[in-house]
Amino acid sequence: MPARIHFNLFAFAAGHHTAAWRADPTAADRLGDVTYWEGLARTAERGCFDAFFLADGQSIGLGGVARGPRWVLEPITTLTAIARATERIGLVATMSSTFWDPFHAARLLASLDHISGGRAGVNVVTSMTDDEARNHSLTALPGHAERYARADEFIRVLNGLWDSWPRDAIVRDTRGEYVDESRLRPVGHLGPHFQVAGPLNVPESPQGRPVLFQAGASGPGRDLAARYAEGIYAVAWDLEQARDYRTDVRARAASAGRDPDGIAVMPGLVTYVGSTEREVRERREALDSLVPVADALEQLAFFVGQDTSGWDLDAPVPQLPPLEEFTGPKGRYATVLRIIAQRQPTVRELLSSLAAGGGHATFVGTPEQVADEIERWVDAGGADGFNLMPPALPGSLDDFVETVVPELQRRGRMRRAYEGATLRDHLGLPRP
């Protein structure tokens, strides 16, 4: 029987294409309206997706807000509202271990798991920019190694807090005690980054622990994901890159004493779907045409760590340093290097490849063609599923749910109805 393919919806602003808000100027006006996000989540739930995922940032973002909308509503608050507007779909929020306190994070996430009936998840990140650090009383981000050491400790404390008030400690003896405090498990953590006594003041949540996601691309990031993650968000431009990443992180998980089959690796996926190849090509070109060149070059500058403003659009991409010499976000940089090596694009062609999703896998075609490519990646060991990144919202999501999902269901690769109630059920994960 073919493996079932997992899908999360990565909902972002008016869509992942940098021109999505220009294609529909009213889209940006909806981002502060929670019913917009609720509607996206209900559409993904109609498509039987595993989870609805929100990224986050601790500043207004690369290039400020002039290039377009990014973060508007805070993720935990938004997902708590969405929990009341949906029934089954998982709800995953991003939290930065560089800035969040683990007690506060554990409490909010456990509360979301209770409110949603066991559908909470968290994507732990280490943050990327000094702009974010300056909003949290720092002049710059800590070094890469320190950020990942803090993230490791953050996750260990989170898990300890979620385990600290087991359900069986609530005895409800009306003649005596409500909780048998001898069954509580104080954390008593004294580490280089956190000192947390515990226990958590929220009882064990429906899943035991919210599902833990991670998105490590560097060596330390992959090690962190291999030790703790139950789902991994990856960046992969092509199948070979995806397969190499998944093989590597599964090997690291096995070395850490974990079952690699307990980890769902989910590369980001941008899809353009149409009834004909010509229709979908024209749809993509129309979006690309709306991106100001200066904005696209500024995004590229962040990805490659260089001033790109003077680059000739119709010349080949200038020589870039090797990956091991790059000090910025390595996953995205590795993808840029891969696109250049494979396609030898002009600068203009590279900008088009990065316009939606910044170098994530991009499948373009009819529903059958997109489903074929999804199956090819999964069956060849490149993915357990995908983190869907619609270029324009809600239209690109509607296209996928209305055309690609039925095709995958017909092939037996996606569920037709939810079989469980929790996010762990959807992902086939055991209770901790």
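Here are a few short exercises on charge pairs and cavities, worked on a predicted model.

**Exercise 1. A pair within one helix**

Find the salt-bridge partner of Glu 282, and work out how the two residues sit along the chain.

*Solution.*
- Start with the contact: Glu 282 pairs with Arg 278, and their closest N and O atoms lie 3.1 Å apart. The cut-off is 4 Å, so this pair qualifies as a salt bridge.
- Now place the pair. Both residues belong to helix α9 (residues 277-288) and are four residues apart, which means about one helical turn separates them.
- Finally, check the surroundings. Arg 278 is exposed, at 57% relative accessibility. Glu 282 comes out at 40%, so it is classed as partly exposed.

**Exercise 2. A pair across the chain**

Look at the salt bridge between Arg 348 and Asp 314 and say which parts of the chain it links.

*Solution.*
- The closest N and O atoms of Arg 348 and Asp 314 are 3.0 Å apart.
- This pair ties together distant parts of the chain: Arg 348 is in helix α12 (residues 347-354), while Asp 314 is in the loop between α10 (293-304) and α11 (330-343). The two are 34 residues apart.
- For accessibility, Asp 314 is exposed at 53%, and Arg 348 is partly exposed at 41%.

**Exercise 3. From a pair to a network**

Is Glu 375, the partner of Arg 411, buried or exposed? Then find the network that holds this pair.

*Solution.*
- Begin with the distance: for Arg 411 and Glu 375, the closest N and O atoms are 2.7 Å apart.
- Here too, distant parts of the chain are linked, with Glu 375 in helix α13 (residues 367-379) and Arg 411 in the loop between α14 (395-410) and α15 (423-427). They are 36 residues apart.
- Glu 375 has a relative accessible area of 15%, so it is buried; the limit for that class is under 20%.
- Now widen the view. Salt bridges link Asp 372, Glu 375, Asp 379, Glu 407, Arg 410, Arg 411 and Arg 413 into a network.
- For the whole model, the tally is 29 salt bridges.

**Exercise 4. Inside the protein**

How many cavities of 30 Å³ or more are there, and what lines the largest cavity?

*Solution.*
- The count is five cavities of 30 Å³ or more.
- The largest cavity has a volume of about 130 Å³. It is lined by 13 residues, and those closest to its centre are Trp 37, Leu 54, Ala 55, Trp 71 and Leu 73.
- Sort the lining by class and you get ten nonpolar, one polar and two charged residues.

Key
Residues are numbered from 1 along each chain as its sequence is written. This is a predicted model: local features need pLDDT of at least 70, side-chain atom pairs count only at pLDDT 80 or more; totals for chains, interfaces and linings use all residues. Side-chain values use heavy atoms; hydrogens and water are left out. A salt bridge is a side-chain nitrogen of Lys or Arg within 4 Å of a carboxyl oxygen of Asp or Glu. Buried means under 20% relative accessible area, exposed over 50%, partly exposed in between (1.4 Å probe, protein chains only). On a 1 Å grid over the protein atoms alone, a cavity is a set of points where a 1.4 Å probe fits but cannot get out, and a pocket is an open set with protein on both sides within 12 Å along at least five of seven lines; lining residues have an atom within 4 Å of a point. Grid points are joined across faces, edges and corners, and a volume is the space filled by probe spheres set on the points. Ala, Val, Leu, Ile, Met, Phe, Trp, Tyr, Cys and Pro count as nonpolar, Asp, Glu, Lys and Arg as charged, and the others, Gly among them, as polar.
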